[in-house]
Amino acid sequence: MWFYIIDRYVIGSFYRAHTDRGPDENLNAPGMHCVPLAFEQNSMPDLGAKSGSAVANRFYLYGVVARLALLAASLELERTDPDAEAA
């Protein structure tokens, strides 16, 4: 799965699919296509809405995992920077 994030909001997502492959086979092969995850609503917050009136975001957990992956990647890049000053 891939997620598009702006600030801390997940704004879109898609996943790989392959109609000629089984559940235990690699999807990264000719014939693979991407399928967007359908959001029920815009995932950007409505700042004018009354508190607690928004529909629950069923993709919230995916957003949490995507933000954690982004944080882990940034930490890894920081630790492996060849031009970093020696402390």
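Is Ser 13 buried or exposed? Keep that in mind, everyone, while I walk you through this chain. One thing to say up front: what you see above is a predicted model.

Let me start with the overall layout. The chain has 87 residues, and they include 1 helix and 3 strands. If you begin at the N terminus and follow the backbone, you meet the elements in the order β-β-β-α.

Now to the sheet. The 3 strands make an open sheet, arranged β1-β2-β3, and their pairing is antiparallel. Strands β1, residues 2-6, and β3, residues 33-36, stand at the edges; each has a single partner strand, so one side of each is left without a neighbour in the sheet. On average, and ignoring direction, neighbouring strands here are turned by 25° against each other. For those of you new to this, strands of a sheet pair through backbone hydrogen bonds, either parallel or antiparallel.

Let's zoom in on β1 and β2. These two pair in the antiparallel sense over 5 bridges. They form a hairpin, with 2 residues between the strands. In that turn, please find Asp 7, which has a positive phi of about 60°. From there you can step along the paired strands. Ile 6 stands opposite Tyr 9 in β2. Tyr 4 faces Gly 12 as its opposite residue in β2, and Phe 3 stands opposite Ser 13.

And that brings us back to the opening question. Ser 13 sits in strand β2, which covers residues 9-17. Its relative accessibility is 6%, and because buried means under 20%, Ser 13 counts as buried. Across the chain, 15% of the residues count as buried. Ser 13 also lets us look across the sequence: Tyr 62 is 49 residues away along the chain, yet the two C-alpha atoms are 9.3 Å apart in space.

What about Tyr 15, is it buried or partly exposed? Tyr 15 lies in strand β2 too, but at 31% relative accessibility it counts as partly exposed. Together with Met 1 and Tyr 62, Tyr 15 forms a nonpolar patch on the surface, and the three share about 280 Å² of accessible area. So Tyr 62 has now come up twice, once with Ser 13 and once in this patch.

On to the other side of β2. Which strand pairs with β2 over 4 bridges? That is β3, and again the sense is antiparallel. One of the pairs to look for here is Ala 17, which stands opposite His 33 in β3.

Between β2 and β3 there is a loop, and Thr 19 is in it. Thr 19 is exposed, with a relative accessible area of 69%; that is the reverse of what we found for Ser 13, which is buried. Thr 19 and Gly 31 are 12 residues apart along the chain, and their C-alpha atoms are separated by 7.8 Å.

Finally, two numbers for the chain as a whole. How much area does the chain expose? About 7,300 Å², with carbon and sulfur atoms supplying 56% of it. And if you take contacts between residues at least 6 apart in sequence, 29% of them join residues at least 24 apart.

That's my tour. When you open the structure, try starting at the hairpin of β1 and β2, then move along β2 to buried Ser 13 and partly exposed Tyr 15. Thanks for listening!

Key:
Residues numbered from 1 in each chain as written. Predicted model: local features only at pLDDT ≥ 70, side-chain atom pairs only at ≥ 80, totals over all residues. Heavy atoms only, no water. Buried < 20%, exposed > 50% of the residue type's maximum accessible area, 1.4 Å probe, protein only. Patch = residues over 30% accessible without salt bridge, like charges linked within 9 Å, V, L, I, M, F, W, Y side chains within 5 Å. Areas by Shrake-Rupley, 256 points an atom, 1.4 Å probe, with all protein chains shown as cover. Salt bridge = Lys/Arg side-chain N within 4 Å of Asp/Glu carboxyl O. Contact = heavy atoms within 4.5 Å. Pairing = 2+ DSSP bridges. Axes fitted to C-alpha atoms, helices over the stretch in contact; angles between N-to-C directions.
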